Amino acid sequence: MIFSSLNSTNDFSLCPSAIRRAVEYLKTTDFFQMEPGDYPLEGNLMYVKVFDQTSIPFEDPRPEIHHHYADVQYWPEGEDLAGITPNPGTYTVAETHESDDLYFLEGIQNESFIHCLPGCIAVYFPWDVHRPSVAYEGKPITYRKVVVKVHMDLMKDSI
């Protein structure tokens, strides 16, 4: 997992080039001028999902993993908590959506939370269990969120 801010001095030069391309796209795009939806960046190997959502109580969002894509999540506004824990490969998959590369888990352990604010980005790799969109201080808010989906095949072209 990588956690940073587009407002930081981090130039992301040590990240794989696909992640750098995703971050550059996030830095140069006005997501408030876009309608919610999916937009291709590099065909189905890299695409962006723009959506408006409401954060939800801790009990509701289920921890998830992906097998083929890394998530580069970005908060252009709003705030929430993001749960994170390594995936030891032993958690039970409770629900599968293979066409979306989305697998919900049950019974995870050792979860930590990060307070995500406007400008923050979080990169979740397939080995990272994450629980997105948890309401900060239990108070749901509605906000815009952006996720760049980066296929792991693009990671082969590393730094």
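Strand 3 gives more residues to the lining of the largest pocket than any other element, four of them. Keep in mind that this is a predicted model.

**The pocket**

So what does that pocket look like? The largest pocket holds about 410 Å³ of space, and 20 residues line it. Lys 49, Phe 51, Glu 64, His 66 and Leu 102 are the ones that lie nearest its centre. Besides strand 3, the elements that give two or more residues to the lining are strand 5, strand 8 (102-106), strand 11 (128-134) and strand 12. By residue class, the lining splits up like this:

| Class in the lining of the largest pocket | Residues |
|---|---|
| Nonpolar | eight residues |
| Charged | seven residues |
| Polar | five residues |

**The sheet behind it**

Strands 3, 5 and 12 also turn up in an open sheet of six strands, ordered 1-10-5-12-3-2 with antiparallel pairing. At the edges sit strand 1 (2-5) and strand 2 (37-40), each of which pairs on one side only. On average, neighbouring strands in this sheet are turned by 20 degrees against each other, ignoring direction.

Zoom in on strand 3 (residues 46-54) and you'll find it running antiparallel to strand 12 (residues 142-151), with nine bridges joining the two. One of the residues to look at here is Val 48, whose bridge partner in strand 12 is Val 148.

**A helix across the strands**

Which strands does helix 1 lie across? Helix 1 (residues 17-28) lies across strand 3, strand 5 (69-74), strand 10 (120-124) and strand 12. Relative to strand 12, helix 1 runs at about 150 degrees.

Conventions:
Residues are numbered from 1 along each chain as its sequence is written. This is a predicted model: local features need pLDDT of at least 70, side-chain atom pairs count only at pLDDT 80 or more; totals for chains, interfaces and linings use all residues. Side-chain values use heavy atoms; hydrogens and water are left out. Two strands pair if DSSP finds at least two bridges between them. Helices (H or I, at least four residues) and strands (E, at least two) are DSSP runs, numbered from the N terminus. Axes are lines fitted to C-alpha atoms, for helices over the stretch in contact, and angles run from 0 to 180 degrees between N-to-C directions. Contact means heavy atoms within 4.5 Å. On a 1 Å grid over the protein atoms alone, a cavity is a set of points where a 1.4 Å probe fits but cannot get out, and a pocket is an open set with protein on both sides within 12 Å along at least five of seven lines; lining residues have an atom within 4 Å of a point. Grid points are joined across faces, edges and corners, and a volume is the space filled by probe spheres set on the points. Ala, Val, Leu, Ile, Met, Phe, Trp, Tyr, Cys and Pro count as nonpolar, Asp, Glu, Lys and Arg as charged, and the others, Gly among them, as polar.
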